[in-house]
Amino acid sequence: MQFVCKKIKATEKLSKRKIILFLFVIVAIVVVVIIYANRWRTNINFDKITVKGNFTLTKEEILQAANIRQDSIINIEELNLVFIQDRISKHPEIKKVFVSKNPPNELVIDVIEKRPLAIVNLGNQLNLIDEECEMFPFKNYEKLFDLPVITGIKQVSTQQIEDKYYMNDLKTAVFITMNAFIKSKFLYNQISEINVADTGKIILFTNDKSIPVYFPRNNEKNISDLSYQKEILSKLVVLKNFFEKSFASLKEKKLDYVDLRFDNQVIVKTN
């Protein structure tokens, strides 16, 4: 009887050792799997780079701004989306940029470009400007479209750039240009220049024959004033109708100017 008890105890000890050994093996396997999983994860490379939303900028220009080569292979540990976004956002023609990871191996760069509405002539300096009155330089003259040119903006220093008269002149010219584009592409394309130097009127020059068109100028009101906006918009409608219905019949004549400053009439001075 004593021998049997000793045999049972020995068997129990052996079973405990097997269980401990089995658990040790399981733990070791789990540790190994975790180590290799982490090693595999840190070795994931992004070798596919997709650029979306670009129209005038090429993929190569955007990657150059990001300081990334087209054939780059980027390790996930080295991939800092914030740094990449910050570098691209410094490009003068980029308005917004979003950079994201698309597993397993794709880096996606989604950009919103600034849309140039006109060219602003500030003395010896030319800048593009968008509908939000944000000016930005352009480096590639070959990509420059036939945009209207805003002239007559008074020269100011950097400290005076927020001067209300300077900004109001600029915003008024942008308002006219933007709404001409909205109302009719033909009307927009007919605008060669918008000059705001004259304190009594705003002068548009047409692309066809460079005819001056006089718009009303209200120095007592800001372009943010709804009544002033309504007045300008009504004159754009009149100008659009003039181009569509009367301009063709007057092409053979020499037009000195077209005056839209008076209510319910268009004054055309011919020679």
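**View 1. Ser210 is partly exposed, with a relative accessible area of 46%.** This is a predicted model, and we start at one of its loops. Ser210 sits between β11 (201-206) and β12 (212-216), in the loop that links them. Its backbone is worth a look: phi is positive, about 50 degrees, even though Ser210 is not a glycine. For background, most residues other than glycine have a negative phi.

**View 2. Cys133 has a positive phi without being a glycine.** Here the value is about 65 degrees. You'll find Cys133 in the loop between β7 and β8. Is Cys133 buried or exposed? Its relative accessible area is 18%, so Cys133 counts as buried, the cut-off being under 20%.

**View 3. Strands β7 and β8 make a hairpin around that loop.** There are 5 residues between the two strands, and Cys133 is in the turn. β8 covers residues 135-136 and pairs with β7 in the antiparallel sense, over 2 bridges. Look across the pair and you'll see Ile129 opposite Met135 of β8.

**View 4. Step back along the chain and β7 forms another hairpin, with β6.** This turn has 2 residues between the strands. Gly123 is in the turn, and its phi is positive too, at about 70 degrees. How many bridges join β6 to β7? There are 5, linking residues 118-122 (β6) with residues 125-129 (β7) in an antiparallel arrangement. One pair to pick out is Ile119 with its bridge partner in β7, Leu128.

**View 5. Helices α2 and α3 pack at an angle of about 120 degrees.** α2 spans residues 59-66 and α3 spans residues 81-89, and their axes are 7 Å apart. The crossing of α2 and α3 is right-handed. Which residues make the contact? From α2 come Ile62, Ala65 and Ala66; from α3 come Ile84, Arg87 and Ile88. By type, that is 5 nonpolar residues, no polar ones and 1 charged.

**View 6. Zooming out, the whole chain has 6 helices and 14 strands.** Of its 271 residues, 34% are buried. Among contacts with a separation of 6 or more, 49% join residues 24 or more positions apart. The chain exposes about 17,300 Å², and carbon and sulfur atoms supply 56% of that area.

Note on methods. Residues numbered from 1 in each chain as written. Predicted model: local features only at pLDDT ≥ 70, side-chain atom pairs only at ≥ 80, totals over all residues. Heavy atoms only, no water. Helix = DSSP H or I, 4+ residues; strand = E, 2+ residues; numbered from the N terminus. Buried < 20%, exposed > 50% of the residue type's maximum accessible area, 1.4 Å probe, protein only. Contact = heavy atoms within 4.5 Å. Areas by Shrake-Rupley, 256 points an atom, 1.4 Å probe, with all protein chains shown as cover. Pairing = 2+ DSSP bridges. Axes fitted to C-alpha atoms, helices over the stretch in contact; angles between N-to-C directions. Left-handed = near helix turned anticlockwise from the far one by under 90°. Nonpolar A, V, L, I, M, F, W, Y, C, P; charged D, E, K, R; others polar.
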